[in-house]
Amino acid sequence: MAECSKFHTRIEIKPSSSQISADLDDNLQDQKIDFFKSGSQKRGDTWVISVFVILHIMAFIATMAVNDCWTNSHGVCAFKALGRFSFQPLSENPLLGPSASKLDEMGALQRIFLTEHHQTWRLFTFPVLHGGAIHLVINLCSVIFVGIHLEKEFGPLRIGIVYVLSALFGALVAALFIQNTPAVGSSGALYGLLGAMLSALIRNWKFYTNKVAAVTSLICVSVINFSLGLLPYIDNFSNIGGFVSGILLGFLLLFSPQVSKVSINKRLFDTGVKSSIKLKLKQKLDRPVLRSVSLILFIIVLAGCLVAVLRGVNINQYCRWCRYVDCVPFQRWQCKSIATSCETMVSNAQLTLTLTCMSNGKYKVFPFTNLSQLRINDFCSLICL
């Protein structure tokens with residue numbers, strides 16, 4: 001009896017690259033994630049936001065040390081128990097911060113500094129200064145809330161680029177509207193993160209489960225910080241510039257969120273190394289048209305703002321109402337910068353100093369005489385309101 005040999009042939013049919021890509025998209029859609037929870041589950045990759053927060057805190061401490069209200073204002077300060085770090089009176093700075101002259105000394109932005117003194121270095125100090133403790137707390141809490149999530153989700157390198165470029169872009173936009181009053185713009189970087197957050201939501205809309213909550217949070221943070229920008233010293237135009245920059249950079253840099261890829265990687269491994277490399281490369285180079293357009297627009301707008309700033313363009317000359325985007329008139333401050341001049345009279349017998357505004361006749365008597373010229377200018381601006 002002849003033995004018949006049976007041959008078993010095993011034919012392995014690998015799915016095509018297009019089929020794998022479709023399955024990959026289906027798997028990603030099935031693994032939706034909470035927008036406020038990192039899909040990568042990493043906890044040690046938030047160092048960039050931490051560095052920026054520490055930098056801002058150190059800059060504010062240095063500003064208050066230089067301000068030295070206890071000495072320069074002869075103890076007429078808020079929270080006197082803080083000594084050298086006490087704040088200027090609320091009538092002078094409602095944000096619990098330094099005087100206008102000390103903000104100028106630390107690098108605040110004014111038009112005269114750019115056009116007449118050509119101090120372009122202020123474009124780099126402007127984004128790290130705060131108008132006061134209230135501004136510092138609200139701004140940094142917002143940065144931590146938004147920035148840490150984005151850094152966990154998209155990595156420290158990309159979020160660091162968004163933060164820095166948005167801060168500088170916001171400074172350039174602010175310089176086009178700035179008047180001759182000191183202004184700081186640390187919120188520009190925050191709005192860059194908010195713009196990037198909006199881009200991430202739009203671009204990865206199908207991956208998230210709590211989109212309404214995310215949009216609501218974005219709107220609330222934006223409104224709170226923009227309202228704060230209507231107070232003195234805080235520039236809102238840097239917020240607008242930072243937001244536009246963040247949107248463009250978000251479309252350019254923020255890829256799909258880092259959802260769990262255990263099953264996806266296993267599927268890619270099963271289909272072969274070559275297909276795996278192709279699909280991963282395709283993921284990183286997704287939506288090339290959108291990213292290219294975003295890059296071109298960012299470069300054009302950035303270059304246009306830079307040229308305009310270097311030429312001393314003042315958009316306020318063409319837009320009379322624009323200043324109200326940055327300031328709401330109040331009895332303690334005004335939105336239009338005016339030249340102030342005061343007559344000084346010193347009484348050595350009574351050890352008093354009397355300042356009289358030349359424009360409105362108002363005056364104020366101070367129980368001390370040894371005021372610096374910068375502090376005299378600060379008080380003169382308050383009297384002439």
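Hi everyone, this short talk covers one sheet, the helix lying across it, and one residue in that helix.

A word on the source: this is a predicted model, so local features need pLDDT of at least 70 and side-chain atom pairs count only at pLDDT 80 or more, while totals for chains, interfaces and linings use all residues. Residues are numbered from 1 along each chain as its sequence is written, and side-chain values use heavy atoms, with hydrogens and water left out.

Let's start with the sheet. It is open, with 3 strands in the order β1-β2-β3 and antiparallel pairing. Strands here are DSSP runs of E, at least two residues, and helices are runs of H or I, at least four, numbered from the N terminus; two strands pair if DSSP finds at least two bridges between them. At the edges sit β1 (342-347) and β3 (363-366), each pairing on one side only. Between β2 (residues 352-357) and β3 there are 4 bridges, and Leu355 has Lys364 in β3 as its bridge partner.

Now the helix. α16 (residues 373-383) lies across β1, β2 and β3, at about 50° to β2. For that angle, axes are lines fitted to C-alpha atoms, for helices over the stretch in contact, and angles run from 0 to 180 degrees between N-to-C directions. Contact means heavy atoms within 4.5 Å.

So, is Asp378, in this helix, buried or exposed? Asp378 is buried, with a relative accessible area of 9%; buried means under 20%, exposed over 50%, partly exposed in between, with a 1.4 Å probe and protein chains only. Beyond four places away in sequence, Asp378 touches Glu92, Ser99, Ala100 and Ser101. Thanks, everyone!
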